[in-house]
Amino acid sequence: MEQIQFRLLTAREIECRIAQIKEKGVQLLLYKDARTDMALLDETVGPMNWQRHHSRDNANCIISIWDSEKGCWVDKEDVGTESNTEAAKGLASDSFKRAGTNWGIGRELYTAPFIWIQPPNCKIETNRNGKLVCYDSFEVSEIGYNDHREISRLVIVNAKTNAVVFQRGTAPTPTKAEQSKAEPKAEPKASTTAPATEIQKKLIVEKASNEHYMEIMQRYGASLENLTKDEADEVIGEIEDRNAANPAPVVCERCQSYITGVVLPDGSTMTGGEIVGKSKLTYGGVYCWKCMKELKRASNKRKAG
Ligand SMILES: [Zn+2]
């Protein structure tokens, strides 16, 4: 079929979700709604020329688009994730949106910058359970793209206060009034406090996950050299929090792959942690499920022979 090119999403078609809350700010992610995928499919290939199928209790979705030249359907499939707070219906729309992304719908959202909003641009509270919460909602008010379909301009407002809380890139033709209103606020301020110590920097480099380290770099201007001692303390606290929530993946001593959970033939599951525990007990080492099975087979063979 001819190359199908879905148009880039408009500001109204993009939504903001709070991905994480810290005392000092919230991280936002940009995402699309399943209705946007439907609208763009209708608009681009025509309502009669696409269809969706779900399988595995909505965990998988195939979007098929009719290829009139070949006279057949062309499929793209993806899997949703249950990790979000939405229920079973969420899984269907999630797998649908992912299949849509495979066709190119909203793929540009992956080029979004790291979005970090700090008070007073957002209100962070502690709820009764001592958990940090932010009840603000955020909207994309402007979006622009370069020739490579990458986000080059992004303005986000706090829907509660209507204030511009984040902006990247320059507006096409900003008026003076707009310009003064859109003064960047979230840039790290020049601080008079002492710079981060070498020990702090070493801790950050060694302990942060790759993904987290990239976020830190983006937040502090691509270098740990800009970090003050106080900021470094804050970053180290953040790393500890995160590492406690997501323990670093454990690597199998035998095949060097990450040890992940498995679903057993009887349908029960074993988590990565349980596998590590069992392998230590049984084999005195840290092995993945596959290697444990191979070790067992080898030892059975020895016994038999
Ligand atoms: Zn292994």
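Two strands are taken as paired if DSSP finds at least two bridges between them. By this criterion β2 pairs with β6, since three bridges join the two strands, which run antiparallel. One of the residue pairs linking them is L28 with its bridge partner I115 in β6. The structure described here is a predicted model.

The protein has 305 residues, of which 20% count as buried. Its secondary structure comprises eight helices and 13 strands. Among contacts with a separation of 6 or more, 51% are made by residues 24 or more positions apart. The average pLDDT of the protein is 84, and 88% of the residues score at least 70. Among the elements, β9 has the highest mean pLDDT, at 95, whereas helix α3 (residues 176-181) has the lowest, at 53. The pLDDT falls below 50 over residues 185-191, a stretch that has 10 contacts in the model beyond near neighbours in sequence. Where pLDDT is low, the predicted coordinates should not be read in detail.

Strand β2 is also joined to β1, in the antiparallel sense, by eight bridges. The two strands form a hairpin with two residues between them. Within this pairing, I14 has K32 of β2 as its bridge partner. In a regular strand the side chains alternate between the two faces of the sheet. In β2 the covered face consists of V26, L28, L30 and K32, and the uncovered face of G25, Q27, L29 and Y31. G25, on the uncovered face, lies 9.2 Å from P120, C-alpha to C-alpha, although the two are 95 residues apart in sequence. P120 is located in the loop between β6 and β7 (125-126). With 10 other C-beta atoms within 10 Å, P120 is below the limit of 12 and is therefore exposed.

In soluble globular proteins, nonpolar side chains tend to be buried together. The largest nonpolar core of this model has 20 residues, and L28, I117, V140, I156 and V165 touch the most other members. Two or more residues of this core come from each of β1 (14-22), β2 (25-32), β6 (115-117), β9 (138-145), β10 (151-158) and β11 (164-168). The largest share, five residues, is contributed by β10. Another core, of 11 residues, lies apart from this one and includes L40, L41, W50 and A92.

The burial of β10 is in line with its place in the core: six of its eight residues are buried, and the strand is mostly covered. I156, one of the residues touching the most other core members, illustrates the surroundings of this strand. Leaving aside neighbours within four places in sequence, I156 is in contact with C16, L28, I115, F138, E139, V140, S141, V165 and F166.

Strand β10 has antiparallel partners in both β9 and β11. Seven bridges join β9 to β10, and four join β10 to β11. V155 takes part in both pairings, standing opposite E142 on one side and having Q167 of β11 as its bridge partner on the other. Each pairing is also a hairpin. Five residues separate β9 from β10, and R149 in that hairpin takes a positive phi near 60°. Five residues also lie between β10 and β11, where N162 in the turn has a positive phi of about 65°.

A further group of strands forms an open sheet. Its three strands follow the order β3-β4-β5, with antiparallel pairing. β3 (50-55) and β5 (72-79) are at the edges and have a single partner strand each, so one side of each lacks a neighbour in the sheet. Neighbouring strands of this sheet are turned against each other by 25° on average, direction ignored. Strand β4 (residues 60-67) pairs with β5 in the antiparallel sense over eight bridges, and among the paired residues I62 has E77 of β5 as its bridge partner.

Definitions and conventions:
Residues numbered from 1 in each chain as written. Predicted model: local features only at pLDDT ≥ 70, side-chain atom pairs only at ≥ 80, totals over all residues. Core = buried A, V, L, I, M, F, W, Y, C linked by C-beta atoms within 7 Å. Contact = placed C-beta atoms within 7 Å. Axes fitted to C-alpha atoms, helices over the stretch in contact; angles between N-to-C directions. pLDDT = per-residue confidence, 0-100.
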